[in-house]
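Let us walk through this structure by way of its helices, its salt bridges and its surface.

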Amino acid sequence: MRERKQARAHDTLIAEAMRLFSAQGYDQTTVDEIAEAAEISRRTLFRLFQTKGDIVLAWTRGMTQTLTEALAACPRDMPPADAMMHAFTSLVPRIAANRRDTYAWVYLIEKTPSLQSVSLQKYATWENGLTEGLLTRIVERKNRRNAARLMARGGIAIFRTALDEWIRLKGRPALVPLLQKTYALQASLWPTPQDGEPDNAEPVTPRGRKTTAR
């Protein structure tokens with residue numbers, strides 16, 4: 001009973017803090033305002049979180065869990081890149097209850113200077129989680145771990161690029177189709193290699209001339 005009560009207080013505090021941060025600004029929101037909105041004492045707040053940044057970091061951990069669980073739930077025969085992008089699109093509706101709040105929270109995390117370290121830490125955690133999840137799906141390559149990490153970093157780059165464009169458009173379009181278009185754009189920029197080529201191909205210069213090791 002006590003643990004459930006603490007869990008509810010924890011979740012309520014995060015939700016109220018994120019609401020206040022997005023409504024009036026991270027730096028402008030005080031600890032006292034968060035405690036009042038969550039209906040807890042200042043002492044209880046500091047028992048749960050030492051800083052405001054820790055509250056935001058706790059929220060990002062929930063997003064990380066959603067992302068990695070969505071990847072793990074994809075059918076085993078789904079191509080790894082498609083499974084990863086399915087995980088990203090599954091993440092979007094879990095950010096907030098509606099598009100307005102989703103935009104506000106995304107803008108908060110991505111564009112608040114004092115939260116840049118939190119944002120970078122979030123993406124680093126995503127990279128590690130996605131790499132491990134993709135590693136179980138990439139089974140026919142000698143360089144499986146490098147391939148999984150490269151794919152994870154590429155997926156995060158696609159996600160961040162889509163967020164940048166969404167913010168530029170002030171959240172007017174739906175985010176999931178924009179994410180899918182960004183994925184398609186990235187895929188169109190690289191030629192499709194022949195089977196086995198990534199493991200066996202000779203190095204290629206930017207102008208397409210093959211090189212030999214020296």
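The axes of helix H5 (residues 80-95) and helix H7 (residues 116-135) come within 11 Å and cross at roughly 135 degrees. H5 is therefore oblique to H7; oblique covers angles that are not under 35, over 145 or 65 to 115 degrees. Helices here are DSSP runs (H or I) of at least four residues, numbered from the N terminus.

This is a predicted model: local features need pLDDT of at least 70, side-chain atom pairs need 80 or more, and totals for chains, interfaces and linings use all residues. Residues are numbered from 1 along each chain as its sequence is written, and side-chain values use heavy atoms, without hydrogens or water.

Helix H7 also carries Glu127, which forms a salt bridge with Arg149 in helix H8 (residues 144-168). A salt bridge is a side-chain nitrogen of Lys or Arg within 4 Å of a carboxyl oxygen of Asp or Glu. The closest N and O atoms of Glu127 and Arg149 are 2.6 Å apart. Arg153 forms a salt bridge with Glu127 too, at 2.8 Å. Arg153 lies in H8, so this pair ties together parts 26 residues apart in sequence. Glu127, Arg149 and Arg153 thus form a network of salt bridges.

How covered are these side chains? Glu127 is buried, at 14% relative accessibility. Arg149 is partly exposed at 24%, and Arg153 is partly exposed at 49%. Buried means under 20% relative accessible area, exposed over 50%, and partly exposed in between (1.4 Å probe, protein chains only).

Trp190 counts as exposed because its relative accessibility is 61%. Trp190 is found in the loop between helix H9 (175-188) and helix H10 (197-200).

Key: Helices (H or I, at least four residues) and strands (E, at least two) are DSSP runs, numbered from the N terminus. Axes are lines fitted to C-alpha atoms, for helices over the stretch in contact, and angles run from 0 to 180 degrees between N-to-C directions.
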